[in-house]
Amino acid sequence: MSDKAHSHSEIIQASWRRCQSFGLSQKNSPEIVKLDTGDWGDVRDRSHDLIATTQEQVLPFYENILVNSNSLVLLADNDGNLLSRWGRPGFINQMEKHLFDEGTNWREKYNGTNAVGTALQTGEAVAVGRDEHYLIANRYMTASAAPIFNSDRHLVGVLNISSDAYLPTSHVAGMVKVMTQSVENQLIIATYRHHCHMLTFNTSSDNLASQWAGLLVFNETGDIIAANRRADLLVGQTLVGLDIGSVTGISALKLSAHPEHHPLSFIGLSKYRLFGTIKRPVNRAIRSPLSVPFPISGSSIPSQKAAIKPSERQLQHLDLGDIKMQKAIRQAQSVVNSDIPLVIQGETGVGKEVFAKATHASSSRAHKKLVAVNCAAIPADLVESELFGYVKGAFTGANTKGSIGYIRQADGGTLMLDEIGDMPLHVQARLLRVLQEKAVTPLGSTESYSVDFRVICATHQSLREAVAQKKFREDLYYRINGLTLFLPALKERSDINALVNVLLPELAGEISTQIDDEVFALFNRHPWPGNIRQLVNTLRVALALSNNERVQTHHLPDDFFLDLRNDVIPLSSQPEVTPRVASWRESLPLLYAETEGNITRIAEISGVSRNTIYKRLRMLGIK
């Protein structure tokens with residue numbers, strides 16, 4: 001792939017330059033280049049799974065695209081050959097003769113700038129307006145296309161929607177992206193469903209069935225062997241090759257033992273809480289020795305203590321003794337029943353969403369809904385329709401029943417806009433009007449609906465700096481910034497012990513668990529770059545490794561000690577060890593005795609992972 005561009009205009013300009021280098025004139029007619037019968041048969045055979053997946057498992061969910069608009073869906077292979085098409089015959093007949101025949105090549109060198117060819121060239125989703133086509137002959141249509149990648153992240157084709165109607169380009173582009181991901185998801189499922197576990201996850205338990213949910217595949221040892229692009233986006237990094245336990249904070253054994261279709265929640269490496277469901281392999285079930293299922297956020301599993309449910313937590317429940325937290329809580333309580341908008345600012349993982357929910361639960365609006373929207377997690381092309389709603393037939397691919405949108409869902413309650421700094425500028429303008437007029441107009445409608453809600457925004461970035469850099473509207477900033485609350489980083493808090501004691505009942509369920517004083521001492525010395533999210537994951541791992549026994553320092557994960565930069569277990573304090581002998585079978589029992597069973601220190605000395613040490617100890621019958 002080449003010519004990766006950073007903006008739509010750059011993509012189109014780069015494509016036009018390539019067309020000129022090919023010797024094309026804007027007055028040229030599209031060149032109809034088709035495969036011969038033999039080659040066409042080979043291409044169809046190689047792409048059989050891609051065609052069948054698109055036609056049988058994806059398009060039926062988007063029939064309204066074909067019914068409600070004069071559109072044509074095209075599927076091409078990774079060389080630009082048109083594999084199949086679906087749409088209204090009347091629309092096809094208006095087009096250049098033979099251009100849309102199966103086997104015709106849509107590369108830029110034959111067809112000029114076009115959505116299929118340009119998406120193939122760049123490896124990116126692209127929308128091409130009427131006058132953006134390089135060839136004048138093609139300027140009767142608009143088109144949006146996105147590349148399709150298989151489970152190994154190899155480009156295998158392109159999905160395209162073309163139309164001769166004046167349809168909102170952004171919504172067509174958004175639908176193409178969602179449809180493309182749906183195809184990719186089905187290709188991943190078909191490849192791994194028989195032998196591997198799958199985790200589907202998203203920003204809410206209500207949208208796990210969404211086509212833009214994250215999907216990852218892990219094997220029996222917990223290695224992530226495949227993931228869709230949405231999964232990488234939600235977590236914030238490439239997932240293939242990582243361990244599922246490090247990504248979710250839940251071990252592979254516990255995930256594999258989790259009931260199918262029963263929601264679970266995790267944070268792990270993500271910037272915010274995610275929700276998911278597990279799907280076990282079709283051909284075999286991996287047995288887990290764990291008899292206690294991992295507790296889920298909001299579940300009805302009884303606790304060893306009378307822990308307050310997260311949904312019922314009010315501001316006073318967050319006061320565990322830290323002065324900075326007390327200040328934020330006091331300020332929030334002073335305006336809790338007013339309509340003064342709040343901005344909650346703090347590092348990733350400090351608990352901004354928890355604070356917002358507690359503010360809502362403490363207010364007179366608590367009997368109504370709190371609608372939390374993560375602005376960074378919704379595809380940019382769909383933010384507007386998700387927030388403001390739309391009427392039936394508002395755009396290509398719109399739900400046939402329409403949607404009221406998140407803002408109207410929050411009527412009477414609270415709207416939380418998480419990562420507000422990532423909201424597109426044009427959506428910021430519409431949101432400003434809604435806040436000023438207390439009314440929202442769905443896409444495709446002329447009717448406005450009155451709304452009454454409290455707005456709480458959360459961000460890890462400085463909105464003032466974003467305003468100065470023209471990345472955030474100044475007028476919207478002063479509209480939402482009634483009171484800014486600053487939540488401290490975990491390393492700055494003086495109530496870590498109390499916080500751990502609050503979290504334990506939620507994480508341990510019915511099991512009564514104790515923590516060594518030495519562990520608490522380490523917690524208070526730790527820099528906690530991942531804040532409360534990291535603390536929760538550390539506790540989860542420690543509870544799993546302690547096997548329901550007292551949590552000690554050797555139950556803490558390895559990366560916990562890496563953050564301490566070796567000052568917790570300095571090299572100089574490592575035990576004097578007998579020079580290594582030929583076999584670990586001989587040296588390991590010595591190390592185990594000399595370190596008093598400290599697995600972390602044994603692993604460091606041996607130069608292998610803790611999991612390897614555990615396996616070897618079991619083989620020797622020591623543990």
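Two strands are counted as paired where DSSP finds at least two bridges between them, and in this predicted model that criterion is a useful way into the sheet that contains M198. M198 stands opposite V217, a residue of strand β7. The pairing to which these two residues belong joins β6, residues 197–202, to β7, residues 214–218, through five bridges, and the two strands run antiparallel.

Seen as a whole, the sheet is open and consists of five strands in the order β8-β7-β6-β10-β9, with antiparallel pairing. Its edges are formed by β8 (224–227) and β9 (264–266), each of which has a single partner strand, so that one side of each is left without a neighbour in the sheet. On average, and with direction ignored, neighbouring strands of this sheet are turned by 30° against each other.

A second place to look is strand β12, which spans residues 370–374 and includes N374. With a relative accessibility of 9%, N374 falls in the buried class, for which the cut-off is under 20%. Leaving aside residues up to four places away in sequence, N374 touches Y272, D418 and E419; with D418 there is also a polar contact between the two side chains, at 3.5 Å.

From N374 the sequence leads on to C375, and with it to the matter of disulfides, of which a search of the whole structure finds zero. C375 is in no disulfide, and the nearest cysteine sulfur, that of C457, is 7.7 Å away; C457 is likewise in no disulfide, its nearest cysteine sulfur being that of C375, at 7.7 Å. Because a disulfide is taken to require two cysteine sulfur atoms within 2.5 Å, this pair does not qualify. Both cysteines are nevertheless shielded in the model: C375 counts as buried at 5% relative accessibility, and C457 is buried with a relative accessible area of 0%.

The last stop is helix α25, residues 610–620, in which R610, I613, Y614 and L617 are buried. These four cover an arc of only 100° around the axis, which puts them on the same side of α25. The spacing fits the general geometry, because an α-helix has 3.6 residues a turn and residues three or four places apart therefore point the same way. On the other side of α25, by contrast, N611 and M619 are exposed. Just after the helix, G621 takes a positive phi of about 75°.

Terms used: Residues numbered from 1 in each chain as written. Predicted model: local features only at pLDDT ≥ 70, side-chain atom pairs only at ≥ 80, totals over all residues. Heavy atoms only, no water. Buried < 20%, exposed > 50% of the residue type's maximum accessible area, 1.4 Å probe, protein only. Arc of directions from axis to C-beta. Axes fitted to C-alpha atoms, helices over the stretch in contact; angles between N-to-C directions. Polar contact = N/O pair within 3.5 Å; in protein donor to acceptor, adjacent residues only side chain to side chain. Contact = heavy atoms within 4.5 Å.
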